[in-house]
Amino acid sequence: MLKIPLSPAEVPVPTPPRPRSLRPGQPSSRQHDDRPRWGLRFATTLSVLVLGAGGVGHAVVTSLDSGIGRVDPFRDMKNRPQGSRGTNILLVGTDGRDKITAEEKQKYRLGGAACHCTDTIMMVHVSAERDRVSVVSLPRDSYAEVPEHTDEAGRHHDKHPVKLNAAYAEGGPPLTVRTVEHATGLKIDHYLEVDFTSFMRTVDVVGGVQICTTRPMKDAYTGLDLAAGTHQLNGGEALQYVRSRHTDGSSDLGRMQRQQRFLAALVAKATSNGVLLNPVKFREFASSMLSSVRADEGFGVEEMLNFTSAMKGFSPSSSDFTTVPLEQLGIQIKGVGSTVKWDAAKAKKLFQLLRDDKPLTPHAAPSKPASKDAKPPRRNPGSIVEVDPARIKVQVYNGTRDDGLGQRVDDALQATGFKTTGFPRPSTNPALRRTLIEYDPRWDRSAGSLAIALPGSELRPVKGLGATLRVTAGADFKDVVPVRAEEQPKGAFGTVTGDKVICP
C-alpha cells in the first residue's frame, strides 16, 4: 500500500464494455443465522490490489481468464448514480462449499449444504492515482430498500424493505448492485464475487498468514480456539478466524473488523514473500484465487493487470478500512427481522468522501516518494496487547539472589512502554523459580497484557492490591517481549490503516 503517484496519462484505466445479457447464477434460500458462514468475502480484493503488482508477463496470466465465471450485474440498469473519481468495486461472497473435502468440512466446522447466498458485502474504492484503497464493510443485516424491479420470470415487484444481504437471494447480482447503489449513492464500476473455497487455497499458497489477538478467542460454532498472542494460520484456520461471530458480544461488527485485519495481513504476505515475482508461484496463487471468482464481463485478468500496474509498491499503509457508521442495532422490521440502521448523516459524509476520491482519514493521504537515502518511518515493534503499556503501573521485585536482576527487568519493561516505578525491590522469597505477576482482579486486562510481555509467567489475582501490578522476577526470567497497544480507529468513521492492524 506504498504510494507511487503517476500522472493520468501513465495510469491505464479500463472502461467496461457494454455488458452482454448473461443469466446470473440462480439464488437460493438464505441460511439460518447459526449455520457456518463464509468469512473473507473480500478475498478477491487481492485480484484488484496485487494481481499485477509483480510485473508478471501477460503470457503467464492469459490462460487464467478462462477460470473467471462471468455475470452481468449491470443488466437493464437505468438512472444510476453519477460516476466517481477513482473506481468503485463491489465485493460479494457466497458460502459455496461443494469443493471442500469431507475431512475439511468436519475439521473446520463447514457442515451443511452450500446455499450460495451472501452475508458479507464490501465496497472497495481505488483512487484515481492508484496509490490508495479504501475498504468499507456494509453489514449483512443493514436495513435497506430493494428498488422496484421485474424478475426473470417477468413478475413485477414494488420497492420493499429487506436486510441488505437478502437482495442477492431475491435477484442475484443485478438486484444486489441496484440495492447497494440506492443505499450508498455510489456508482459501482466493477463487481466481484467469490466463495470461500478459493480463499482457503489462496492462504495456503502464500504459506499461511500471521495474525495477532489481544485475548483468547473461542467459538464453538466454527471451532476457533486461539490463545492470546501471535498465530500463523493456514487456510482452514484462517477461515475459522474470519467466520467467527461468537467470540465476544460484538457479533458481526467484531467479525468485520477481523476480516479487515486479515485482509491487510494477507495483502502484506502476498506482496512480501516473492509470490508475485515468481511466475510459477504467481500462476498457482492466481489460479487458486480465481477458481471460484465471478466478475462482470469488463473485468478480466488482462484488465486487472492493467488496472493495477501502478501498484507495484503496494503495502498495508496505503489502505484504510472502516465499517459504514451505524446509528442503532437490533431494529425489528415486520417481515424482515432484526436489522441494523445506518447513521444517515455520517454515512452520507463517508460515501461523499469516496465519491470525491478523498482519503477517509488525513493520515491516509498520499505522500511524495521518499528519496533513496531516506529512512523508513519508525514503527513501534512488538506483539499487540489489549491495554496500552503506558497505562499499566508496575512495581518490580527481585525473587532471586542475582542482585542486578530486578533493575534489568524494570528497565526492560520500561523500554517497551510500561509505567514502572523505576525502583525495584527485593522479594521476601529470594528463591522464586517462576516469574510471578500479581494483580487486582479489577485490572485483569492489564495483567493479561503484561503477561504477554513476560511469557511463561504465573498470573495470580490478589484482591485489594490496587492499580499497581507486582512483578516478581524468578530464576526463569530471560527477557521482556516488546509489546504495543492496538491502533485505535481514527476520525468520525472509525478508520484504521492496514499497517496498524497487522502483526509487527
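Two strands pair if DSSP finds at least two bridges between them. Strands (E, at least two residues) and helices (H or I, at least four) are DSSP runs, numbered from the N terminus. This is a predicted model: local features need pLDDT of at least 70, side-chain atom pairs count only at pLDDT 80 or more, and totals for chains, interfaces and linings use all residues. Residues are numbered from 1 along each chain as its sequence is written, and side-chain values use heavy atoms, with hydrogens and water left out.

**Exercise 1. Find the bridge partner of D320 in strand 26, then place that strand in its sheet.**

Step 1. Look across from D320. Its bridge partner in strand 26 is T497.

Step 2. Check the pairing. Strand 15 (residues 319-323) runs antiparallel to strand 26, over 2 bridges.

Step 3. Read the sheet. It is open, has 8 strands and follows the order 1-14-9-2-3-4-15-26, with mixed pairing. Strand 1 (69-71) and strand 26 (496-497) stand at the edges with a single partner strand each, so one side of each has no neighbour in the sheet.

Step 4. Set this against the whole fold. The protein has 12 helices and 26 strands.

**Exercise 2. Describe the surroundings of K163, starting from the strand in which it lies.**

Step 1. Locate the residue. K163 lies in strand 8 (residues 160-163).

Step 2. Classify its exposure. Buried means under 20% relative accessible area, exposed over 50%, and partly exposed in between (1.4 Å probe, protein chains only). K163 has 10% relative accessibility, so it counts as buried.

Step 3. Find the charged partner. A salt bridge puts a side-chain nitrogen of Lys or Arg within 4 Å of a carboxyl oxygen of Asp or Glu. D141 forms one with K163, and the closest N and O atoms are 3.9 Å apart. The pair links distant parts of the chain: D141 sits in the loop between strand 4 (133-138) and strand 5 (143-146), and K163 in strand 8, 22 residues apart. D141 is buried too, like K163.

Step 4. Add the backbone. A polar atom of the K163 side chain lies 3.3 Å from the backbone oxygen of S338.

**Exercise 3. Compare the setting of the E193 salt bridge with R294 and that of the D402 salt bridge with R408.**

Step 1. Recall the principle. Side chains of opposite charge can pair when their charged atoms come close.

Step 2. Take E193 and R294. Their closest N and O atoms are 3.1 Å apart. The pair links distant parts of the chain, with E193 in strand 9 (residues 190-195) and R294 in strand 14 (residues 293-296), 101 residues apart. Both residues are buried.

Step 3. Take D402 and R408. The closest N and O atoms here are 3.0 Å apart. D402 is partly exposed, with a relative accessible area of 34%. R408 is partly exposed as well, at 44% relative accessibility. Elsewhere, salt bridges that share partners join R140, D141 and K163 into one network.

Step 4. Give the total. The count is 12 salt bridges.

**Exercise 4. How many aromatic pairs are there?**

Step 1. Apply the rule. Rings of Phe, Tyr and Trp (its six-membered ring) pair if their centres lie within 6.5 Å; planes under 30 degrees apart are stacked, over 60 edge-to-face, and the rest tilted.

Step 2. Count. There is 1 aromatic pair. The ring centres of W342 and F351 are 5.8 Å apart and the planes stand at 45°, so the pair is tilted.

Step 3. Check exposure. W342 and F351 are both buried. Across the protein, buried residues make up 53% of the 504 residues.

Methods. A polar contact is a pair of N or O atoms within 3.5 Å; within protein, one must be able to donate a hydrogen and the other to accept it, and residues adjacent in sequence count only if both atoms are side-chain atoms.
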